[in-house]
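Me: I should like to examine the terms used for a structural model and the grounds on which each is applied. Please set each value against its criterion.

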Amino acid sequence: SEHLDSGVITNKKYFSGDLFHLNLPLFSINYKRNRDKIEYYLNKACTFFVYAVYDSAAYYNLNLLRSIKKDNKLGYSALFNLAAEYYAAGEYRLSYSRFLDLFKYYNGKQDCAVRYGLGVNYEAFGDFSNAKKQYYYVLRNPDDYYNEKYNLKDLAAYRLKRLRGSKKKYLK
């Protein structure tokens with residue numbers, strides 16, 4: 001999968017740090033030249049995500065999803081990113097809904113990152129039984145890509161250990 005790597009933004013040099021906002025007019029100028037909405041929304045979503053402005057990243061990912069065809073491979077990544085951005089912004093119900101869409105309708109059942117995303121959402125809702133099921137799936141079905149880039153297996157093991165070791169804390 002290419003969730004975070006699918007962005008057009010990774011192919012060009014842009015402003016970073018405190019100057020990241022200077023990229024936004026560049027994206028607008030580029031859009032006026034080529035009229036490529038998908039590139040425009042993708043660049044904006046990636047920029048806001050990288051700088052942890054999750055509500056804005058979610059806004060542009062939602063627009064991206066509305067602009068692409070359902071069979072476009074980019075749609076899966078955009079939907080995943082949208083779910084992650086909702087979670088990061090504290091919008092757990094929206095995040096859960098998007099992860100569940102990936103799980104049910106986009107063959108996300110075999111995607112460890114989707115299963116992990118569902119797990120953290122179940123955990124946020126206090127559904128520790130379903131959270132554990134998702135984390136166990138991640139542990140039993142290792143994915144080299146996620147384990148190399150994101151230590152997903154280690155994260156799932158940590159969350160399981162935390163759930164098992166702190167039951168009293170979670171039941172308050």
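Me: What pattern does the chain follow when read along the sequence?

Reply: The model is a predicted one. Along the sequence, the pattern is α-α-α-α-α-α-α-α-α-α, and the chain has 10 helices and 0 strands.

Me: How do you know that the span of helix 9 agrees with the expected value?

Reply: Helix 9 comprises 14 residues, 152-165, which at 1.5 Å a residue should span 20 Å. The C-alpha atoms at its ends are 20 Å apart, and therefore the two values agree.

Me: Which residues of helix 9 are buried, and what puts them on the same side?

Reply: The buried residues of helix 9 are Leu152, Ala156, Arg159, Leu160 and Leu163. They cover an arc of only 100 degrees around the axis, so they lie on the same side of helix 9. An α-helix has 3.6 residues a turn, and therefore residues three or four places apart point the same way. Asp154, Lys161 and Gly165 are exposed, on the face of helix 9 turned away from its buried side.

Me: Why is Leu163 called buried?

Reply: The term requires a relative accessible area under 20%. Leu163 has 3%, and it is therefore classed as buried. Leu163 is found in helix 9. Its C-alpha atom is 7.3 Å from that of Phe128, although Leu163 and Phe128 are 35 residues apart in sequence.

Me: What makes up the largest nonpolar core?

Reply: The largest nonpolar core has 25 residues, and those with the most contacts inside it are Phe99, Leu102, Val114, Tyr116, Leu118, Tyr135 and Leu152. Two or more residues come from each of helix 4 (73-88), helix 5 (92-105), helix 6 (112-125), helix 7 (128-140) and helix 9. Helix 6 gives the most, with 7 residues. Apart from this core lies another, of 14 residues, among them Phe27, Ala45, Phe48 and Ile68.

Me: Which residues are in contact with Leu102, leaving aside its neighbours within four places in sequence?

Reply: The criterion for contact is heavy atoms within 4.5 Å. With those neighbours left aside, Leu102 is in contact with Tyr76, Leu79, Phe80, Asn107, Gly108 and Val114.

Me: What values describe burial, contacts and exposed area for the chain?

Reply: Of the 172 residues in the chain, 41% are buried. Among contacts between residues at least 6 apart in sequence, 52% join residues at least 24 apart. The chain exposes about 10200 Å², of which carbon and sulfur atoms supply 51%.

Terms used:
Residues numbered from 1 in each chain as written. Predicted model: local features only at pLDDT ≥ 70, side-chain atom pairs only at ≥ 80, totals over all residues. Heavy atoms only, no water. Helix = DSSP H or I, 4+ residues; strand = E, 2+ residues; numbered from the N terminus. Expected span 1.5 Å × (residues − 1). Buried < 20%, exposed > 50% of the residue type's maximum accessible area, 1.4 Å probe, protein only. Arc of directions from axis to C-beta. Core = buried A, V, L, I, M, F, W, Y, C linked by side-chain atoms within 4.5 Å. Areas by Shrake-Rupley, 256 points an atom, 1.4 Å probe, with all protein chains shown as cover.
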